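Q: I am learning to read protein structures and should like to understand the terms used for them. Please explain the reasoning behind each term.

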Amino acid sequence: MTGVAVQLNGLRRTFGTVHALDNLDLSIEPGEFVALLGPSGCGKTTALRVLAGLEDADSGQVLVGGRDMTALPANRRDMGMVFQAYSLFPHLTALANVSFGLSLRGRSKNVARAKEMLELVGISQFADRYPHQLSGGQQQRVALARALAIEPSVLLLDEPLSALDAKVRVQLRDEIRRIQTEVGTTTLFVTHDQEEALAVADRVGVMRSGKLEQLASPADIYLTPATPFVAEFVGLSNRLPGTVVGNEVEVLGTRLPLLSPASSPSVTALVRPESVQVTPDDTGEGRVLTTSFLGPISKVTVTVGEQLVVAQVATDRLASLAPGTPVRITLQPSPVALA
Amino acid sequence: MAGVIARRARKQRIFRWTVLIVLGVFFVLPFVAMIEFSTRDPGTWPLLVNWPELSERYPALAEGITNSLLQAALTAVLMLVLLVPTAVWVRLRLPKLRRLVEFICLLPLTIPAIVLVVGLAPVYAWVTYFLGGSSLTLVFAYTVLVLPYAYRAIDTGLSAIDVKTLAEAARSLGAGWGTVMWRVVLPNIRSAVLSAAFLTVALVLGEFTIASLLNRTNLQVAINFLGKSSATMSVAVSLTALLLAFVLLLLLSLLGERRRKSLKESA
């Protein structure tokens, strides 16, 4: 099965005075996995709900496989959806939940297909259980199976992992990617968790106030953010004062290439913690303030004069960086965005 | 110290039992009296279960019973057909109207039946004109009368499930609104619907004021009428109606118990 292309053209939607969607354009390639990422209230869920037909846009167009779906009700759009809240029908078993959509289509071999789907999501042994007998992660797996069973043209995932605990979340996230690759359905995934978006998607769209700030591969989003908002929202950034010299910016004594031209000579550069190197040095002007252990990588906060700088270091170096240690700070010359 | 506590506990126990016995006597005594009175004539109870003979000897009573049963069934159906989709729709699409709808549904509770009848009389002049004077036309008035109880029951049932998400999930799977109602919402509020129906039946079977003042016949009107000619029979029928309502309410609380238990399991 191959996916179909999805296109959102100039979608607008206002709730009172809030522009949930402000002339949003988004196009998804057939079979592509796109994640919409953004803070709460940025319109990402509204975009997904408009695509699903659960919300009407004030203006704009929804095209799926070249067909105009804008006026079609949700039940005729042929889209599978997994919701943030647990959405399994409480009175039906896992198997009956999965075959619900199939039975509406009057297909034969419903049960066989439903069982196949439960197998795909790895919980065929719980086919006869009711939702309240399943854990949150298992329920979302059944919901995924139910959405995929109808062979939808588009799979919509509305923060399906946000109610789960951390370990299950990572597991299911990877599982979703595996299954999506296997079935090849065009997928739109909405999340506010940047790690989640970067880990699973082919392309990530960062949204802000109803608009798409950048739509690019996870690596591009992370390494060459198009706007300060993207740079700040995706990954943690240090905000360091700098002086512009030609098409470079001098920050803490190091010249860094600029991602976009600066408008004024004194600027604030957004420097990622992994670009900051910290070396113990008795003549250095920095002092280690705090350290936090995070597994193989740890975080060190250094004060340089009035400025706080966060750096990432390999945990085995933590011993030489006790709080109070004088350190020297150097920056890797990777391109930076300006705030 | 221990003695004081023991004495206080004994005092409380005595007080509790006294209250219980006094209340028990207060409630049970009328029943005992009714049973005693209705069994004075040994023919009364056997006649009550012999429908052909009953309808021959007390045609008005038989008519009252049939009318009341039909009214109860029709009111329950009409109430469900009107209320369930409305309550679901308000939850899904017009959540701001919830308070207003609740207020309107509770209104009949605050208006005395006699006032209601004064208002209903001119309306029923038209109802009689269009639909005739059948006692079944009371179903419209009764549907309004049971709204407070039925609405509460159904609203509680809907609160227990996430109607919005369930409906959206079903819609995205290809279900039309009819299917959403019939196959997703209703099965999940089944006990709430049953509660609403039982309350409706109990209420309609006990209704007297409106039927009497609008010159219609139902069970209570017939019992009242019968009381003037055959006291034992009227008391026996009253007792049966009471027992029926009692059984219905018992079923209702059993249903509630089961729902609480299944909720506990799922928690």
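A: Domain bounds come from an automatic or database domain assignment. The model is a predicted one, and in it chain A is divided into domain 1 (6-230) and domain 2 (236-338). The centres of domain 1 of chain A and domain 2 of chain A, taken over C-alpha atoms, are separated by 38 Å.

Q: What domains does the assignment give for chain B, and how far apart do their C-alpha centres lie?
A: For chain B the assignment gives domain 1 (2-38) and domain 2 (49-266). The C-alpha centres of these two domains of chain B lie 35 Å apart. Contact is made by 4 residues of domain 1 of chain B with 5 residues of domain 2 of chain B. On the side of domain 1 of chain B that touches domain 2 of chain B, 3 residues are nonpolar, 1 is polar and none is charged.

Q: Why are α4(B) and α8(B) called roughly perpendicular?
A: Helix α4 (residues 59-92) and helix α8 (residues 163-172) of chain B pack at an angle of about 95°, with their axes 9 Å apart. Angles of 65 to 115 degrees count as roughly perpendicular, and α4(B) and α8(B) are therefore described in that way.

Q: Which residues of α4(B) and α8(B) meet?
A: V88(B), R91(B) and L92(B) in α4(B) meet V163(B), K164(B) and A167(B) in α8(B). By class, the contact of α4(B) with α8(B) has 4 nonpolar, no polar and 2 charged residues.

Q: What makes β11 and β12 of chain A a pair of strands?
A: Two strands pair if at least two bridges are found between them. Strand β11 (residues 238-245) and strand β12 (residues 248-251) of chain A are joined by 3 bridges and run antiparallel, so the condition of at least two bridges is met. One bridge partner can be named: V245(A) is matched with E248(A) in β12(A). In the hairpin of β11(A) and β12(A), 2 residues lie between the strands, and G246(A) takes a positive phi near 65°.

Q: How do you know that β11(A) also pairs with β14 of chain A?
A: The same test applies. There are 6 bridges between β11(A) and strand β14 (residues 266-271) of chain A, in the antiparallel sense, so the requirement of at least two is satisfied. T243(A) stands opposite S266(A) in β14(A).

Q: Why are β13 and β20 of chain A called edge strands?
A: The open sheet of 5 strands in chain A has the order β13-β12-β11-β14-β20, with antiparallel pairing. Strands β13 (254-257) and β20 (337-338) of chain A each pair on one side only, and they are the edge strands.

Q: How many residues bring chain A and chain B into contact?
A: In this contact, 20 residues of chain A meet 18 residues of chain B. On the side of chain A that touches chain B, β6 (79-82) and α2 (94-104) of chain A each supply at least two residues. That side of chain A has 12 nonpolar, 6 polar and 2 charged residues.

Q: What does the UniProt record annotate on chain B?
A: The unreviewed UniProt entry applies the annotation "transmembrane region" to several stretches of chain B, including residues 69-92 and 130-151. In the model, residues 69-92 of chain B are 100% helix and 0% strand, with end C-alpha atoms 34 Å apart. Residues 130-151 of chain B are 73% helix and 0% strand, and their end C-alpha atoms are 29 Å apart.

Methods. Residues are numbered from 1 along each chain as its sequence is written. Chains are lettered from A and ligands numbered from 1 in the order in which they are written. This is a predicted model: local features need pLDDT of at least 70, side-chain atom pairs count only at pLDDT 80 or more; totals for chains, interfaces and linings use all residues. Helices (H or I, at least four residues) and strands (E, at least two) are DSSP runs, numbered from the N terminus. Two residues are in contact if their C-beta atoms, placed from the backbone, lie within 7 Å. Ala, Val, Leu, Ile, Met, Phe, Trp, Tyr, Cys and Pro count as nonpolar, Asp, Glu, Lys and Arg as charged, and the others, Gly among them, as polar. UniProt positions are given in the numbering used here, feature names are shortened, and annotations may be inferred rather than shown by experiment. Axes are lines fitted to C-alpha atoms, for helices over the stretch in contact, and angles run from 0 to 180 degrees between N-to-C directions. Angles under 35 degrees count as roughly parallel, over 145 as roughly antiparallel, 65 to 115 as roughly perpendicular and the rest as oblique.
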